[in-house]
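Got a protein chain on your screen and not sure where to start? Take a slow look at it first, then read on.

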Amino acid sequence: MRPSTAGGQVQQSNFHDHPFARIDRLPMVEVAFVPSDAPPGGLCEPALPPVIPALANAIFDATGKRLRSLPFAL
């Protein structure tokens, strides 16, 4: 969904004004793993990239300390 614009200016003030799709309005999604003789791998990699930023934000919310490099040093 693209934000509505008027004269090139975004009309929403923040996310609460943007009409995001709600779960009850989304199509059904079916996930299937394809059997293969290839070596294992690939099933959990898509979930890995957002873990570190989410953890860094959780630490910031809890402590007020912004961590910007790995490994984290508390």
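Here is a short tour, from the overall layout down to a few local details.

Keep in mind that this is a predicted model. Across the chain, the mean pLDDT comes to 79, with 77% of the residues reaching 70 or more. The confidence isn't even along the way, though: of the elements, strand E1 sits at the bottom and helix H1 at the top, as the table shows.

| Element | Residues | Mean pLDDT |
|---|---|---|
| strand E1 | residues 5-6 | 68 (lowest) |
| helix H1 | residues 51-63 | 91 (highest) |

So what's the running order? Starting at the N terminus, you meet the elements as β-β-α, which adds up to 1 helix and 2 strands.

Now for the helix itself. How far apart should the ends of H1 be? H1 has 13 residues, and because the expected span is 1.5 Å times one less than that number, the helix should cover 18 Å; its end C-alpha atoms are indeed 18 Å apart.

Right after H1 comes Gly64, whose phi is positive, at about 80°. Further along, the segment after H1 also holds Pro71. The peptide bond leading from Leu70 into Pro71 is cis, and its omega is near -5°.

What about side chains? The charged end of Arg66 sits over the ring of Phe60, 3.7 Å from the ring's centre. If you go hunting for aromatic pairs, you'll find 0 of them.

Finally, step back to the whole chain. How much of it is buried? Of its 74 residues, 7% count as buried. The chain exposes about 7200 Å², and 61% of that comes from carbon and sulfur atoms. As for contacts with a separation of 6 or more, residues 24 or more positions apart make up 0% of them.

Notes. Residues numbered from 1 in each chain as written. Heavy atoms only, no water. Phe/Tyr/Trp six-rings, centres within 6.5 Å; stacked < 30°, edge-to-face > 60°. Lys NZ or Arg CZ within 6 Å of the ring centre and 35° of its normal. pLDDT = per-residue confidence, 0-100. Helix = DSSP H or I, 4+ residues; strand = E, 2+ residues; numbered from the N terminus. Buried < 20%, exposed > 50% of the residue type's maximum accessible area, 1.4 Å probe, protein only. Contact = heavy atoms within 4.5 Å. Areas by Shrake-Rupley, 256 points an atom, 1.4 Å probe, with all protein chains shown as cover.
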